[in-house]
Amino acid sequence: MRISSLHTDQEHTVPVVFVAASKLPTPFAEFAMHGFIESATGREHVVLSLGDVADGAPVLGRVHSECLTGDALFSQRCDCGSQLEAALRAIATEGRGVLLYLRQEGRGIGLMNKIRAYELQDGGADTVEANERLGFAADQRDYAICLPMLQHLGVQSLRLMTNNPRKVKALTDMGITVAERVPLHTGQNPHNRTAFIWRPRRANWDT
């Protein structure tokens, strides 16, 4: 196992340890999987890359926060799983890109609190209201981990697949160049239709 510390001069980034890289064959393409650990928290993150992402040209990419229910358990309460699949398919079609998979479940509140939030949503609250009633901010995700991981891979700028303009601003504030926002419209169903209604109003999302 190779372990090396990554350093950056950016004020908002966090100390990161690169652990190892391996092949990851998927139904879409054979990606390279790069493992990282946050030094302060011990949280483990991965980046999937395909093709030459260090050639200086903007790279098609997605920053995807962990969603056990959507990514692995096929929940239709959200569009996370379908967005993850769509992003990997898009990267495979392009033959070049990165997907950062960040371990910050439930918009950063953790799995058990996410289930508590779901319980409140079952009673009529939307995601923002449920998080706030539990004492959390509407979105507690932290993107400081992204810059050192992208620097490790030699990525200089992103064509970011997201419907969330706030994510673009958050990454830009961290010193990451976002050359383009690429909408990722997928995953709407009868179980999450209300989310597509409140997101533009409550969270300024493009749905």
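**Notebook: D71 and helix α4**

I looked up the contacts of D71 (heavy atoms within 4.5 Å): leaving out residues up to four places away in sequence, D71 touches H64, S65, E66, C80, G81, L84 and Y101. This is a predicted model, where local features need pLDDT of at least 70, side-chain atom pairs count only at pLDDT 80 or more, and totals for chains, interfaces and linings use all residues. Residues are numbered from 1 along each chain as its sequence is written, and side-chain values use heavy atoms, without hydrogens and water.

I placed D71 in helix α1; helices are DSSP runs of H or I, at least four residues, numbered from the N terminus. I then asked which side chain D71 makes a polar contact with (a pair of N or O atoms within 3.5 Å, one able to donate a hydrogen and the other to accept it; residues adjacent in sequence count only if both atoms are side-chain atoms). I found the side chain of H64, at 3.2 Å.

D71 is buried (under 20% relative accessible area, 1.4 Å probe, protein chains only) yet has no salt bridge. I took a salt bridge as a side-chain nitrogen of Lys or Arg within 4 Å of a carboxyl oxygen of Asp or Glu. K114 is the nearest side chain of opposite charge, 7.7 Å away.

I went on to α4. Its buried residues are N113, K114, A117 and Y118. They sit on the same side of α4, because they cover an arc of only 150° around the axis (directions from the axis to the C-beta atoms). Their cover includes α1 (68-72), α3 (105-108) and α5 (127-133). The face turned away carries M112, E119 and D122, exposed (over 50%).

Key:
Helix = DSSP H or I, 4+ residues; strand = E, 2+ residues; numbered from the N terminus. Lys, Arg positive; Asp, Glu negative; His and termini not counted.
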